[in-house]
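Here's a quick briefing on how this one packs inside. Have a look at the model first, then read on.

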Amino acid sequence: MSDSGDLGDFTDYVDGDESGATDGGDAATETDPGGEGDDATEFERYGAEPSGTDEGLGTVSVSQGLRVSQDGDETTLRAFITTGNRDSVRLGSYLLVPYPDDEALFCSIAALEYAQEFQSDDATEIHARRQMRREEFEERDYKFMAELEPVAVIYEEGGELKRRMTDRVPKPGALAREASDEEQIKTGLKIPGDGVFLGHLSVGGEKVRTAAEPPTVDYRVKDEYADGDPLVFRHTLVAGGTGSGKTHASKNVLRQYLDADRTYPMDDGREVSPAVVQFDPQDEYAQMHDDNPGMSDAFARKLDREGIAHGGHDDTIALVPVEDGVSYGGENHRAEQVRFTIPFSVVNEYDMPWLVAGSGLNDNQYPALLTLLNRFFADYGDDGTYEEFKRFLDDPGLKEELDESGRVHEATFDAVKRRVRGIPSGIFDQDARPITELDHELVRPGGLTVVPTYHLSTSRAKEMFVLAVSSLLVDDKLSNSPNSQRIKETPLVLGMDEAHNFLSDADTVQAQKVVQKFTEAAKQGRKERLGLFLITQDPQDIAEPVFKQVNTKIVLNLGDEDAISSVNIPTELAQKVPYMEKGQMVVYSPDNSEPVELIGLSECVTRHGE
């Protein structure tokens with residue numbers, strides 16, 4: 001006798017005959033004189049398929065409620081997906097559900113699930129083993145339900161599609177179909193028809209397809225004052241880990257701002273092309289001068305059809321910082337090279353006392369540094385050099401005088417002196433043109449200026465050059481009496497790669513001064529036509545006062561949970577970030593569109609890499 005827990009080969013019992021008889025035909029013959037056997041037990045089958053052709057993916061179901069609410073958690077909106085459509089449905093796909101009139105509900109798929117079609121217990125040994133021996137899964141045995149998240153109601157007014165918040169509930173049984181019209185999709189997601197191209201709309205890493213030509217949906221950022229302030233002047237963040245494609249993506253975006261047709265109106269009525277100044281820690285952006293040698297003619301024609309700027313930008317200059325004893329190669333690009341140095345006078349002329357502090361200054365030391373710098377420039381004039389300042393601090397009579405007057409304690413004097421001498425040598429006053437005399441090379445309407453820092457000897461040297469040049473630009477942009485009218489009167493996109501190294505939220509006085517300067521720049525960007533374009537793999541390290549001024553966030557693959565959390569994108573998109581392939585991105589720009597997933601161009605529009 002077998003163990004009651006052993007079901008044996010239960011397939012022997014599929015006909016319900018415990019005797020093990022398998023010849024059903026013989027048994028039937030004994031009781032059927034007519035010998036019709038199997039034919040007599042066959043039932044006539046009737047077609048259960050409805051006539052006509054299916055449209056859409058399925059229908060709105062009311063079996064578990066049908067409700068839309070101002071509180072999204074209270075919304076219940078589900079659709080039954082028919083058998084033939086189930087394999088093509090993906091989380092995040094965009095659907096349209098029509099109302100009885102000409103309006104439609106634009107929504108996305110928030111969840112997918114199989115539910116039982118019939119009341120049964122499928123968590124049993126017999127059921128499981130039967131399923132394990134079946135070659136095919138029978139879709140008809142289960143319901144496939146999609147939970148829908150309303151996005152907007154779209155409607156036509158005056159021959160134009162418009163959108164409004166969801167204020168209607170669809171009818172039970174209403175058709176749910178995949179959104180396939182570009183205009184409807186862009187209206188539903190509030191994507192502008194024109195602007196700066198970022199990528200193509202996608203869901204789950206696959207481009208959204210339409211019935212139009214081209215079949216993709218391009219995503220653009222508002223760039224006209226008629227639609228509100230151009231979002232470039234409300235700042236952009238590109239965040240992505242190593243190998244995520246953030247430099248590739250950044251080049252493609254920056255190239256759009258250098259398009260010959262792109263201009264912005266100034267207060268005096270002029271239309272001026274923007275200048276782009278890009279700080280480059282890896283010596284990659286000067287390559288934007290050159291065409292992409294790997295781009296095919298077919299791909300170039302595709303870009304032309306979609307109105308995407310491409311090709312090397314001739315008006316590109318590599319503005320090379322000069323450090324004593326360090327040389328710059330620049331063999332990987334053909335852009336013009338112009339060498340520059342930082343004159344010590346910028347410390348006074350552009351109010352950058354923090355530039356000469358080698359390490360953190362406390363609240364007592366920083367005022368002491370200001371006192372010493374003011375005394376120095378009063379004695380030596382604007383032509384005073386860094387070497388002269390160091391000799392100035394070596395004067396024991398100065399130290400004694402300031403200590404006895406109570407202006408600078410001798411211990412504080414020594415601390416400041418150590419920090420001033422702690423900055424890298426060979427930064428100030430080198431054998432090259434001063435940056436203060438290069439404003440027309442630094443900022444050119446329609447021109448790209450790249451400041452490479454890869455060749456510099458230390459991270460502190462890189463920081464000094466980046467902060468000196470960027471602060472000079474910001475000061476002239478914000479000043480009512482700028483040193484350079486060229487900088488003041490030119491729309492400017494200020495790109496900063498590895499921005500977390502320069503705009504961190506540190507406790508030192510000089511870091512606080514830098515953050516304060518860039519926070520003010522970010523706040524005044526719309527008015528002064530100044531846009532920050534920050535690129536980083538550590539967005540959590542960028543100072544909060546600057547970060548919160550950024551409107552457009554382009555997020556590529558990030559593996560660090562703190563980094564993902566810091567960019568403040570919706571949870572359903574944040575969950576996708578660690579799994580995104582190279583070139584996939586999430587764009588969160590509340591003043592431009594709903595949060596969306598994109599795929600960037602597969603090829604760089606300029607030269608990129610070797």
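What follows covers the nonpolar cores, one strand and the cysteines.

This is a predicted model, so to speak with care: local features need pLDDT of at least 70, side-chain atom pairs count only at pLDDT 80 or more, and totals for chains, interfaces and linings use all residues. Residues are numbered from 1 along each chain as its sequence is written, and side-chain values use heavy atoms, with hydrogens and water left out.

**Cores**
- The largest nonpolar core (buried Ala, Val, Leu, Ile, Met, Phe, Trp, Tyr and Cys residues joined through side-chain atoms within 4.5 Å) has 88 residues, and Phe344 and Phe428 have the most contacts inside it.
- Helix H13 (residues 459-478) gives the most to this core, at 10 residues; helices are DSSP runs of H or I with at least four residues, and strands are E runs of at least two, numbered from the N terminus.
- Leaving aside neighbours within four places in sequence, Phe428 is in contact (heavy atoms within 4.5 Å) with residues including Phe344, Tyr386 and Met464.
- A second, separate core of 48 residues includes Val238, Val276, Ala286 and Val450.

**Strand S14**
- All six residues of S14 (residues 275-280) are buried, meaning under 20% relative accessible area with a 1.4 Å probe, protein chains only (exposed is over 50%, partly exposed in between).
- S14 pairs (at least two DSSP bridges) in the parallel sense with S19 (residues 492-497) over five bridges, and Val276 stands opposite Val493 there.
- S14 also pairs in the parallel sense with S18 (residues 448-452), over five bridges, where Val276 partners Leu448.

**Cysteines**
- Zero disulfides (cysteine sulfur pairs within 2.5 Å) turn up in the whole structure.
- Cys107 counts as buried because its relative accessibility is 0%, and Cys604 does at 4%.
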